[in-house]
Amino acid sequence: MTLKSNWYSQNKKNIIIAVVFLYFFYIVLGAFDSTLQSQSELYGKKYVQNQFINFLLNNKITSRLNRYTGLEVGYGYFAPNVRAKFFLDIVVDSNVISPRFNSFEGKMKYENQLGEIFSNFYDNDTTSEITILKKKVDNLKIVNIVEYALKTNKIKKFNKIQVFGYCLDNNSLKDYREGLLEKKLILKKIDLK
Amino acid sequence: MDFYNFLKLKFNLSASYLLYVRSIILIYCISLILVILGFLTKMSTIFCIFFQLLITKSYPEIQSGYDYFTTLCFFYIFIFPTNLEFSIDKKFKTKKFYIFNEKQSLAIIKTHVCIMYFFAGFDKLLGYNWRNGESMWRVLTEYNVTNLFDFKKLYRTPFFFITGWLTIIFELLYPIFINLKFTRNFWLISIIIMHALIALFLGLTTFSLIMVILNLTAYYYPFLNISNEKK
């Protein structure tokens with residue numbers, strides 16, 4: 001015991017430096033990986049993740065480390081969904097309602113959530129279990145939103161509810177400079193189950 | 001979202017379970033107060049991390065980007081010597097536990113903040129939407145919550161191109177210029193202004209507040225003490 005404690009006290013500084021170095025190496029590796037992944041998602045560039053890096057970043061231990069230390073946040077991009085804007089029109093007995101929010105951040109979270117739901121709209125691969133699960137989860141999220149909208153609009157009784165999703169592909173700066181003022185609209189009726 | 005109604009409607013829960021949920025939130029709030037007061041700081045921080053993750057991961061709809069930074073801040077409060085000053089722990093002389101000393105803690109948080117900003121700028125630099133001003137155009141014209149100014153009027157000017165590049169430059173070169181004595185104050189003020197504008201125009205007040213606190217912790221207060229000692 002005495003030998004071990006002497007070794008530890010003599011090498012404490014080196015151990016701490018090694019741990020800190022590994023910690024930041026892990027952060028930088030994760031940041032590079034998430035940057036390249038986000039680039040491939042946003043701009044269609046090809047990125048095939050190395051298996052060893054995938055193991056380093058996504059094994060059970062590091063996933064828990066990410067969760068308890070907040071390292072699972074990505075550092076890249078940091079902007080709301082700026083490619084398109086999504087809306088949900090909830091028609092309750094021919095009246096159109098939408099959820100009401102007390103804060104700007106609540107509205108931002110709602111719009112980001114809608115963005116996640118609508119990004120799965122175009123995935124029609126019915127053979128994939130993940131796609132089917134994602135659509136089930138999205139459906140539950142829409143039910144959540146509808147219930148929240150009914151509550152904030154103080155509607156307790158209704159006969160019929162219909163939900164319509166809009167994808168507003170807003171004009172780019174180039175389109176606006178060329179005088180294209182009309183916005184492209186994609187309408188989809190959502191069947192609640 | 002109203003977590004209470006969601007559980008009640010979806011799972012037909014009895015009041016006792018709801019009492020459990022509300023008690024979790026109450027314990028979380030008490031832990032936060034204890035951390036702020038610096039009483040049993042390390043124990044309270046563990047409770048804060050646990051309950052914050054429990055609440056945000058159980059209901060992802062309320063989770064936002066700043067929740068990850070909050071978890072990160074709690075983690076650093078736990079491992080850094082945060083209860084040595086301005087805390088009740090100091091008055092009661094409770095047994096102090098910390099892994100890193102003050103200098104090491106400061107170095108870690110500075111390094112982490114530099115890495116954050118570098119990769120934020122690096123990711124923006126790789127994508128053409130920030131380089132050609134398209135991202136700034138969309139953010140300011142579609143997500144402008146205050147409506148103080150109609151940015152569409154500036155569509156013929158290079159405003160969006162310039163602001164996009166300024167964002168990239170300030171974030172990408174943050175690790176270099178924030179650590180140089182002559183440019184530190186200017187870079188710090190610029191980054192704080194950037195976050196203030198994000199809060200003003202995008203409504204992301206909590207996120208901006210956390211980032212400003214991180215910046216001030218890493219690059220304002222440590223140098224404030226040094227300049228006071230020199231006087």
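1. Lys154(A) counts as exposed because its relative accessibility is 73%, above the 50% cut-off for that class. The residue lies in the loop of chain A that connects α5 (129–152) with β3 (161–169). Its phi angle is near 60°, which is a positive value in a residue other than glycine.

2. This is a predicted model, and its scores are ipTM 0.74 and pTM 0.77. For chain B the mean pLDDT is 82, with 82% of the residues at 70 or more. Within chain B, confidence is lowest in helix α1 (residues 3–11), where the mean is 61, and highest in helix α10 (residues 174–177), where it is 93. Where pLDDT is low, predicted coordinates should not be read in detail.

3. Chain B contains 13 helices and 0 strands. Of its 231 residues, 45% count as buried. Among the contacts in chain B with a separation of 6 or more, 60% are between residues 24 or more positions apart. The accessible surface of this chain amounts to about 12,500 Å², and carbon and sulfur atoms contribute 70% of that area.

4. A search of the whole structure, over all chains, yields 1 salt bridge. In chain B, the side chains of Glu171(B) and Lys124(B) form a salt bridge with an N to O distance of 2.9 Å. The pair links distant parts of the chain, since Glu171(B) belongs to helix α9 (residues 159–172) and Lys124(B) to helix α6 (residues 102–126), 47 residues apart. Both partners fall below the 20% cut-off for buried residues: Glu171(B) counts as buried because its relative accessibility is 5%, and Lys124(B) counts as buried because its value is 2%.

5. A nonpolar patch on the surface of chain B is formed by Leu148(B), Phe149(B), Ile189(B), Ile193(B), Leu197(B) and Leu200(B), which together have about 560 Å² of accessible area. One of these residues, Leu200(B), is located in helix α11 (residues 184–202). With a relative accessibility of 36%, Leu200(B) is classed as partly exposed.

6. Ser31(B) is part of helix α2 (residues 15–37) of chain B. This serine counts as buried because its relative accessibility is 5%. Leaving aside residues up to four places away in sequence, Ser31(B) touches Ser44(B), Phe47(B) and Cys48(B).

7. Leu40(B) occupies the loop between α2 and α3 (41–58) of chain B. Its phi angle is near 50°, again a positive value in a residue other than glycine. At 42% relative accessibility, Leu40(B) counts as partly exposed.

8. In chain A, helix α3 (residues 60–69) has Thr62(A), Asn66(A) and Thr69(A) as its buried residues. These residues lie on the same side of α3(A), because they cover an arc of only 90° around the axis. The face turned away from that buried side carries the exposed residues Lys60(A), Ile61(A) and Arg64(A).

Conventions:
Residues are numbered from 1 along each chain as its sequence is written. Chains are lettered from A and ligands numbered from 1 in the order in which they are written. This is a predicted model: local features need pLDDT of at least 70, side-chain atom pairs count only at pLDDT 80 or more; totals for chains, interfaces and linings use all residues. Side-chain values use heavy atoms; hydrogens and water are left out. Patches are made of residues with over 30% relative accessible area and no salt bridge: like charges are joined within 9 Å, nonpolar side chains (Val, Leu, Ile, Met, Phe, Trp, Tyr) within 5 Å. Accessible areas come from the Shrake-Rupley method with a 1.4 Å probe; for residues, only the protein chains shown count as cover. A salt bridge is a side-chain nitrogen of Lys or Arg within 4 Å of a carboxyl oxygen of Asp or Glu. Helices (H or I, at least four residues) and strands (E, at least two) are DSSP runs, numbered from the N terminus. Buried means under 20% relative accessible area, exposed over 50%, partly exposed in between (1.4 Å probe, protein chains only). pLDDT is the predictor's confidence in each residue, from 0 to 100. Contact means heavy atoms within 4.5 Å. The arc is that of the directions from the helix axis to the C-beta atoms.
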